[in-house]
Amino acid sequence: MIYSLEHNNVEMEVMVKASLKITIVMVTSLFLLSLRLHAAQYTLELISDDVSVPWGITQLPDNSLLVTDRKGTMRVITLQGTSTQVTGLPKIVAKGQGGLLDVVLHPDYSANGWVYFSYSTGENGRINTAISRAKLAKSQADYQLTHLETLYLAEPYNSGGAHFGSRIAFDKDNYLYFSIGDRGQRDINPQDLNRDAGKIYRLHDDGRIPKDNPFVAKNNVKTAVFSYGHRNPQGLAFNPHTQAIWSHEHGPKGGDELNIISKGKNYGWPVISYGVNYSGSSFTDLTKKQGMEQPITYWVPSIAPSGMSFVTSDKYPELKSNLLIGSLKFAKLIAVSITGNKVIKQHDVLKSVGRLRSVVQGRDNHIYLGIDGRGVFRLVPVNN
């Protein structure tokens, strides 16, 4: 009996050691896989350098790219690099951070042909952000915008050239969202619902105000407003996993934010902030306040975020389900790993590439990037 127990104990010890060895091998394999994925390398393939400040990029059904240049031009660029200017744009006032900004296609573009774009415009030097839509017509080798409609024109409060926003996104119900920065008037616009600027807006795709917008029942307010208390949101994207609209915005010196945009919520600018004045002095002692939303993450120092896109493509398996964000200040592409509504980690995908202005996943599942002074590129994995 004693022999039997000892024999069983020996067998148990052998089994435990074997199980432990298998576990170690599995953990090691997973660790090496993780290292391989994080070590994945990318290169940039130039599509066209015919755009100075490629603010917005969207992909047409024939896979050519529709690209805006902040200087006030729009171009159709084939993946082989042929670039054709689009005519028929409305009056655009290119000043400072303003000009021709974002561009997106209607989710049902193949059926209705609507192209949506944002830009700065106005009269007598008083300018602000506008949203228009049009149809893109091709005649032989030329492209022209037709059926032009202005859907929203923010009131032109000042002549400054700062903080126009402006990104555009559609949700699953084809509501149109767009952002307008505070126009450099932080103590006037963002917290005042009677004034445009410092807001994210929601419209029907034809420009009508949705009846369930949060401030429709209030008097003397901008009923297109969906959320407020924003500084300068230059990233706006529909999260395909949670069905929510996400946004990032520039802080001052520090305090860039990533937010989940909720109906009627106040995002706090400039009452709360994780940043300071550019001089280093403080303009608020508060980072939190009841009734004001907290970002899901923020950056100190500022990264100067511009453009972002959720990755759903199988062409970039190590980036799938990440949120890609461009950094103007640090000239890099950042991947933000997210679980639910929480940021788990961040890592740099590209470094030292220039002021990364726009990031978009195309209909062909490739990722396209716009870099100031360099042009439009495709992100290409390097085989290891």
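Let's start in the middle of the chain: β18 and β19 run antiparallel and are joined by five bridges. This is a predicted model, so take what follows as a tour of that model. Within this pairing, methionine 308 has isoleucine 325 of β19 as its bridge partner.

On its other pairing, β19 is joined to strand β20 (residues 332-339), again by five bridges and again antiparallel. Isoleucine 325 turns up here too, with isoleucine 334 of β20 as its bridge partner. The hairpin of β19 and β20 has four residues between the strands, and alanine 331 takes a positive phi near 55 degrees there.

How many of the five residues of strand β19 (residues 323-327) are buried? Five of the five are, which leaves the strand mostly covered. Leu323, Ile325 and Ser327 point one way, while Leu324 and Gly326 point the other way.

Here are the strand pairings with their bridge counts.

| Strand pair | Bridges | Sense |
|---|---|---|
| β18 and β19 | five | antiparallel |
| β19 and β20 | five | antiparallel |
| β22 and β23 | five | antiparallel |

The last pair in the table belongs to an open sheet. Its four strands follow the order β1-β24-β23-β22, with antiparallel pairing. β1 (41-48) and β22 (356-361) stand at the edges with a single partner strand each, so one side of each has no neighbour in the sheet. On average, and with direction ignored, neighbouring strands of this sheet are turned by 30 degrees against each other. Look at serine 358 for one bridge in detail: its partner is glycine 370 in β23.

Now for the greasy parts. Nonpolar side chains tend to be buried together in soluble globular proteins. In this model the largest nonpolar core has 21 residues, and those with the most contacts inside it are Tyr116, Tyr152, Leu176, Phe178, Tyr201 and Leu203. Several elements give two or more residues to this core, including β7 (114-123), β9 (142-153) and β12 (199-203). The largest share comes from β11, with three residues. A second, separate core holds 18 residues, among them Leu100, Val103, Tyr119 and Ala134.

Which residues does tyrosine 152 touch, leaving aside its neighbours within four places in sequence? Its contacts include Phe178, Tyr201 and Leu203, as well as Thr129, Asp196 and Lys222.

What about empty space? The largest pocket has a volume of about 970 Å³. It is lined by 32 residues, and Thr58, Val104, Ser309, Val360 and Gln361 lie nearest its centre. Among the elements that each supply at least two residues of the lining are β2 (54-59), β6 (100-105), α2 (109-112), β18 (305-310) and the edge strand β22.

There is also one cavity of 30 Å³ or more. About 50 Å³ of space lies in the largest cavity, and its lining includes Arg231, Glu249, His250, Trp269 and Ser273.

Stepping back to the whole chain, the secondary structure comes to two helices and 24 strands. Of the 384 residues, 52% count as buried. Among contacts with a separation of 6 or more, 56% are between residues 24 or more positions apart.

Notes. Residues are numbered from 1 along each chain as its sequence is written. This is a predicted model: local features need pLDDT of at least 70, side-chain atom pairs count only at pLDDT 80 or more; totals for chains, interfaces and linings use all residues. Side-chain values use heavy atoms; hydrogens and water are left out. A nonpolar core is a set of buried Ala, Val, Leu, Ile, Met, Phe, Trp, Tyr and Cys residues joined through side-chain atoms within 4.5 Å. Buried means under 20% relative accessible area, exposed over 50%, partly exposed in between (1.4 Å probe, protein chains only). Contact means heavy atoms within 4.5 Å. Two strands pair if DSSP finds at least two bridges between them. Axes are lines fitted to C-alpha atoms, for helices over the stretch in contact, and angles run from 0 to 180 degrees between N-to-C directions. On a 1 Å grid over the protein atoms alone, a cavity is a set of points where a 1.4 Å probe fits but cannot get out, and a pocket is an open set with protein on both sides within 12 Å along at least five of seven lines; lining residues have an atom within 4 Å of a point. Grid points are joined across faces, edges and corners, and a volume is the space filled by probe spheres set on the points.
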